[in-house]
Amino acid sequence: MKMVLLGPPGAGKGTQAKLISEKYSIPHISTGDIFRKNISEKTKLGIEAKKYMDNGQLVPDKVTIDIVKDRLTEDDCKEGFLLDGFPRTVKQAEALDEFLNSADGKIDAALLIDVAEEFILERMTGRRVCSSCGASYHIKFNPSKIDGKCDLCNGDLIQRKDDTEATVKERLDVYSKQTQPLINYYKNQNVLLKIEGTKEISEVFDEICNSLKAIK
Ligand code: AP5
Ligand code: MG
Ligand code: ZN
């Protein structure tokens, strides 16, 4: 299955993506994670991406589209994939469609995790992420078993640099201006599945699995 995840920052895309990718045995591809890995390795891409990410702005389309195309040509994507945080602009969505069309493929489902703005700030400021594997936790809603350590790989949990109140507000603004138009884009393709994202993590996951049954 070829899927994309949509939703505002802090909606739970990364959290659900880990669960979906395990259940459906498809790779979880997060452009945010790819950029963060490059930042920690101080690559040219990382240095470029950091300028935008620290301010809550989008990394330019050209850079982002090429990275995703490269990743999608890898072998593990043949049977499907789950994109998290891409596309984020109409231009990215069009480039993705064009790329898939050229191999007679298309997106099977665009999962929109819907969460109202009032919940976002608490989710973001309480988020902790694993510095090794990228797994996402929350000090209140999804704590790790050992304080400050990742359940999956025992890596150190850290706070993301862009999870400050001011940057979160900027990211929400960018989302509503540049990414929200994608909801209609995928609705028009009849692949949009809207998921209520304010329930507990396991309930959100159940709703996702149920709605995916309908399209399989
Ligand atoms: P990215 O990393 O994609 O960030 P984002 O979209 O802002 O989303 P987040 O990762 O912050 O949230 P999430 O939805 O994954 O939520 P999570 O599961 O962690 O992008 C970062 C930056 O990279 C961008 O600003 C941009 O600069 C750049 N970038 C990335 N992709 C790009 C692209 N395509 N084009 C251009 N630039 C790009 O959950 C959040 C918290 O809530 C966690 O603590 C979690 O434990 C908790 N939580 C999750 N679900 C629940 C629940 N149901 N109930 C209670 N708590 C919950
Ligand atoms: Mg994420
Ligand atoms: Zn980890």
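These notes go through a predicted model, point by point.

1. **The three-stranded sheet.** Strands 6, 5 and 7 form an open sheet, in the order 6-5-7. The pairing is antiparallel. Strand 6 (136–138) and strand 7 (157–158) are the edge strands. Each has a single partner strand, so one side of each is left without a neighbour in the sheet.

2. **Strand 5 against strand 7.** Strand 5 covers residues 127–130. Its antiparallel pairing with strand 7 runs over 2 bridges. To find the register, start from Cys130: its bridge partner in strand 7 is Leu157.

3. **Arg127.** This residue lies in strand 5. Is Arg127 buried or exposed? Arg127 has a relative accessible area of 12%, and the cut-off for buried is under 20%, so Arg127 counts as buried. Beyond its neighbours within four places in sequence, Arg127 is in contact with Ser136, Tyr137 and His138. Its contacts also include Ile158, Gln159 and Arg160. Asp163 and Arg171 complete the list.

4. **The cavity.** How many cavities of 30 Å³ or more does the structure hold? The count is 1. About 30 Å³ of space lies in the largest cavity. Its lining consists of Ile65, Val68, Lys69, Leu72, Phe86, Gln92, Ala95, Leu96 and Phe99. By class, that is 7 nonpolar, 1 polar and 1 charged residues. Helix 4 (61–72) and helix 5 (90–101) each supply at least two residues of this lining.

5. **The second largest pocket.** This pocket holds about 200 Å³ of space. Among its lining residues are Leu72 and Phe99, which are also among those that line the largest cavity. Lys2, Thr73, Glu74, Cys77, Lys78 and Phe81 line the pocket too, as do Leu100, Ser102, Ala103 and Gly105. The lining has 6 nonpolar, 3 polar and 3 charged residues.

6. **Cys77.** Cys77 is one of the residues lining that pocket. Where does Cys77 sit in the chain? Its place is in the loop between helix 4 and strand 3 (81–84). Cys77 is buried, with a relative accessible area of 5%. Leaving aside neighbours within four places in sequence, Cys77 is in contact with Pro27, Ile29, Arg71 and Leu72. Val63 is 14 residues away from Cys77 along the chain. The C-alpha atoms of Cys77 and Val63 are separated by 20 Å.

7. **Helix 8.** Helix 8 takes in residues 181–188. Which of its residues are buried? They are Leu182, Ile183, Tyr185 and Tyr186. These cover an arc of only 160 degrees around the axis, which puts them on the same side of helix 8. The general rule is that an α-helix has 3.6 residues a turn, so residues three or four places apart point the same way. The buried residues of helix 8 pack against two other helices by name, helix 5 and helix 7 (165–179). They also pack against strand 1 (2–6), strand 4 (109–114) and strand 8 (192–196). After helix 8 comes Asn190, whose phi is positive, near 60 degrees.

8. **Strand 8.** Strand 8 is one of the elements that the buried residues of helix 8 pack against. It pairs with strand 4 in the parallel sense, over 5 bridges. Ile113 has Ile195 as its bridge partner in strand 8. Ile195 also belongs to the covered face of strand 8, together with Leu193. The uncovered face carries Leu192, Lys194 and Glu196.

Technical notes
Residues are numbered from 1 along each chain as its sequence is written. Chains are lettered from A and ligands numbered from 1 in the order in which they are written. This is a predicted model: local features need pLDDT of at least 70, side-chain atom pairs count only at pLDDT 80 or more; totals for chains, interfaces and linings use all residues. Side-chain values use heavy atoms; hydrogens and water are left out. Two strands pair if DSSP finds at least two bridges between them. Helices (H or I, at least four residues) and strands (E, at least two) are DSSP runs, numbered from the N terminus. On a 1 Å grid over the protein atoms alone, a cavity is a set of points where a 1.4 Å probe fits but cannot get out, and a pocket is an open set with protein on both sides within 12 Å along at least five of seven lines; lining residues have an atom within 4 Å of a point. Grid points are joined across faces, edges and corners, and a volume is the space filled by probe spheres set on the points. Ala, Val, Leu, Ile, Met, Phe, Trp, Tyr, Cys and Pro count as nonpolar, Asp, Glu, Lys and Arg as charged, and the others, Gly among them, as polar. Buried means under 20% relative accessible area, exposed over 50%, partly exposed in between (1.4 Å probe, protein chains only). The arc is that of the directions from the helix axis to the C-beta atoms. Contact means heavy atoms within 4.5 Å.
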